[in-house]
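Grab a pencil and keep the 3D view open. Here are some exercises, each with a solution worked out step by step.

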2 protein chains.
Amino acid sequence: MSELTLVSRNTVFGGHHERHSHHSRSTGTEMTFAVYLPPRALQGHAVPVLYWLSGLTCNDENFSTKAGAQRLAAEWGVALVMPDTSPRGADVPNDEAYDLGQGAGFYVNATQNPWAANYRMYDYVAHELPALVEAHFPVTQQRSIFGHSMGGHGALMVALKNPGRYAAVSAFAPIVNPTETPWGQKAFAAYLGDDSALWADYDSTLLVAAANHKLPILIDQGDADNFYPQQLQPQTFVAAARSAGFTVEFNLRPGYDHSYYFIASFIDSHFAFHADALGL
Amino acid sequence: MSELTLVSRNTVFGGHHERHSHHSRSTGTEMTFAVYLPPRALQGHAVPVLYWLSGLTCNDENFSTKAGAQRLAAEWGVALVMPDTSPRGADVPNDEAYDLGQGAGFYVNATQNPWAANYRMYDYVAHELPALVEAHFPVTQQRSIFGHSMGGHGALMVALKNPGRYAAVSAFAPIVNPTETPWGQKAFAAYLGDDSALWADYDSTLLVAAANHKLPILIDQGDADNFYPQQLQPQTFVAAARSAGFTVEFNLRPGYDHSYYFIASFIDSHFAFHADALGL
């Protein structure tokens, strides 16, 4: 188990917002993540963990500073964990485009060079990070997961691939069918090559149709989102999930775009959704 | 009256968060400010305006994205206006330091070269901007004002110098006695030269002692703030204000620092304070 180095700590809504760095065995790099410990955790109670996966270009700080989530985590008594979206560093492969390389890990385990050595974000967010969090912080093994855009893809995909690990999954403007949409096709071609079985194994719309387990799903999508519907086709996923017997709440929000202003506006209903699934 | 150019519009909590640019006659430059129009304003009702003045290094976006204020503005039915902290541009005088020049206007009318031509932020925030806002948006002439750090200085000073214009004033970690503390002394020496009467005219602790009017005052200060107490001496102001007969609520918040995490944690109580003063 790797050691954590405390990067910063801020008091927020009576809890502690902390950034930690550590050496990741998944990525072979130093990774930084944020964790918010609500007042209930500081008072000595173990609390459930809600994982947030961010979108393209983000690190752990975007959601931390812009979503207004700590207020709700404090109220509900849940911890928040916010990882980075890729390995980073001068020695880590990168690309000039915003949608490939650093800041754009797509939560997959890359098989292709030059990415394969470090871009193992699936292992990191699905396995290494939860084990690290559960070893170091006052949390239970109750987990739930949500995310935005590329991170919405990550949340849905990770939840669907790990039966029983997450109480629920929700997403804001998620990429749901990356094998059929441009961002996903570009990233999967680079990271996974031409192995269509590997692509399918990270596509939520294909995964949900074949899932042998169920968990509650909530998706919000703004109808003024510049990336909707070309990159984001939530209805495709919702139809597949409902056909497979999942309970899905889907809200198309008039006038809302792809920004954190959209996320902040509806974050309260996502917390209520996860809290219900966690039995809070 | 100058024309406004819409820079961006985001839907947030059912209202519109807009950024506008315009030519300012105060600064002689193009200025950008943000305004949040709550759902009540979009429904055709004129609403009061709460002005936010930001601190060193900020522009209109810091408070807009990090404070969680639109949620409360929507609930209370008030508009928010968030100006920049200085004139900006390649032709505008600047300094390499973060605490002088662009991003550090200190809300004064500079009298010294090279600052005097553009650094007229007092005229801008106290007069030009409110007139512009009241001409272009569905707002009443009811105003209240708050701010952070350098902007807390700005809010207190502008409110004290303009009897009857603001229903109330509040501040997070404000500079209250700039004639006696390092940031203020450096900026005032540069912008105002050695005219001690001019310095005094922008110092809230001196202004409050001489004020011939009253308005409610709320101040929050974190006790883990790196700038407290050297730069920030709120108790000096609170004592002077109470001696002068003002009603002041002062909260020293254990564990909180100078960041927007502190502001977000207590922004709700500042809205409740201003709403009460505005009769909402």
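The exercises below go from the chain interface to salt bridges and then to single residues, and keep in mind that this is a predicted model.

**Exercise 1. The interface**

Task: Work out how many residues of chain A and chain B are in contact, and which residues of chain A supply the most buried area.

Solution:
- Start with the contacts: 19 residues of chain A touch 19 residues of chain B.
- Next, the area. The size of an interface is often given as the accessible area lost when the parts come together. Between chain A and chain B, about 1700 Å² is buried, and carbon and sulfur atoms give 51% of that.
- Now look for the big contributors on chain A. Thr11(A), Phe13(A) and Tyr261(A) supply 38% of the area that chain A buries against chain B, more than any other three residues.

**Exercise 2. What the chain A side is made of**

Task: Find which elements of chain A give two or more residues to the side that touches chain B, and sort that side by residue class.

Solution:
- Take the pairings across the interface before anything else: there are twelve residue pairs in polar contact between chain A and chain B, while the count of salt bridges between these chains is zero.
- Then go through the elements. β1 (5-12), α2 (61-66), α3 (69-76) and α10 (260-277) of chain A each give two or more residues to the side touching chain B.
- Of these, β1(A) gives the most, with four residues.
- Finish with the classes: this side of chain A holds five nonpolar, ten polar and four charged residues.

**Exercise 3. A salt bridge that links distant parts of the sequence**

Task: Explain what the salt bridge of Asp99(A) and Lys186(A) ties together, then look at the pair with these numbers in chain B.

Solution:
- Over all chains, the count is 20 salt bridges. Side chains of opposite charge can pair when their charged atoms come close.
- In chain A, the side chains of Asp99(A) and Lys186(A) form one of these bridges, at 2.7 Å from N to O.
- Locate the partners: Asp99(A) is in the loop between β5 (79-82) and α4 (121-136), and Lys186(A) is in helix α6 (residues 182-192), so the bridge ties together parts of chain A that are 87 residues apart in sequence.
- Check the surroundings. Asp99(A) is buried, at 8% relative accessible area, whereas Lys186(A) is partly exposed, at 35%.
- Over in chain B, Lys186(B) and Asp99(B) form a salt bridge too, with their closest N and O atoms 2.7 Å apart. Lys186(B) belongs to helix α6 (residues 182-192) and Asp99(B) to the loop between β5 (79-82) and α4 (121-136) of chain B, so here as well the pair ties together parts 87 residues apart in sequence.
- Lys186(B) counts as partly exposed at 36%, and Asp99(B) is buried at 9%.

**Exercise 4. Two more salt-bridge cases**

Task: Say which partner is buried and which is partly exposed in the bridge of Arg88(B) and Asp84(B), then find the network around Arg19(A).

Solution:
- The closest N and O atoms of Arg88(B) and Asp84(B) are 2.6 Å apart.
- Arg88(B) is partly exposed, with a relative accessible area of 30%. Asp84(B) is buried, at 6%.
- For the network, look at Arg19(A), Asp60(A) and Glu61(A): salt bridges link these residues.

**Exercise 5. Cysteines and disulfides**

Task: Count the disulfides, then decide whether Cys58(A) and Cys58(B) are buried or exposed.

Solution:
- A disulfide is a covalent bond between the sulfur atoms of two cysteines. Over all chains, the count is zero disulfides.
- Buried means under 20% relative accessible area. Cys58(A) has 6%, so Cys58(A) is buried. Cys58(B) has 5%, so Cys58(B) is buried as well.

**Exercise 6. Single residues and a helix**

Task: Place His22(B) and Ala272(A), then describe α3(A) and what follows α3(A).

Solution:
- His22(B) sits in strand β2 (residues 15-23) of chain B. At 1% relative accessibility, His22(B) is buried, and a polar contact of 2.8 Å joins the side chains of His22(B) and Tyr124(B).
- Ala272(A) is in helix α10 of chain A and is partly exposed, at 33% relative accessibility. Between Ala272(A) and Ala240(A) there are 24 Å in space, C-alpha to C-alpha, and the two are 32 residues apart in sequence.
- In α3(A), the buried residues include Ala69(A), Gln70(A), Arg71(A), Leu72(A) and Ala73(A). After α3(A) comes Gly77(A), with a positive phi near 75°.

Note on methods: Residues are numbered from 1 along each chain as its sequence is written. Chains are lettered from A and ligands numbered from 1 in the order in which they are written. This is a predicted model: local features need pLDDT of at least 70, side-chain atom pairs count only at pLDDT 80 or more; totals for chains, interfaces and linings use all residues. Side-chain values use heavy atoms; hydrogens and water are left out. Contact means heavy atoms within 4.5 Å. Buried area is the accessible area (1.4 Å probe) that two parts lose on being put together, summed over both. A salt bridge is a side-chain nitrogen of Lys or Arg within 4 Å of a carboxyl oxygen of Asp or Glu. A polar contact is a pair of N or O atoms within 3.5 Å; within protein, one must be able to donate a hydrogen and the other to accept it, and residues adjacent in sequence count only if both atoms are side-chain atoms. Ala, Val, Leu, Ile, Met, Phe, Trp, Tyr, Cys and Pro count as nonpolar, Asp, Glu, Lys and Arg as charged, and the others, Gly among them, as polar. A disulfide is a pair of cysteine sulfur atoms within 2.5 Å. Buried means under 20% relative accessible area, exposed over 50%, partly exposed in between (1.4 Å probe, protein chains only).
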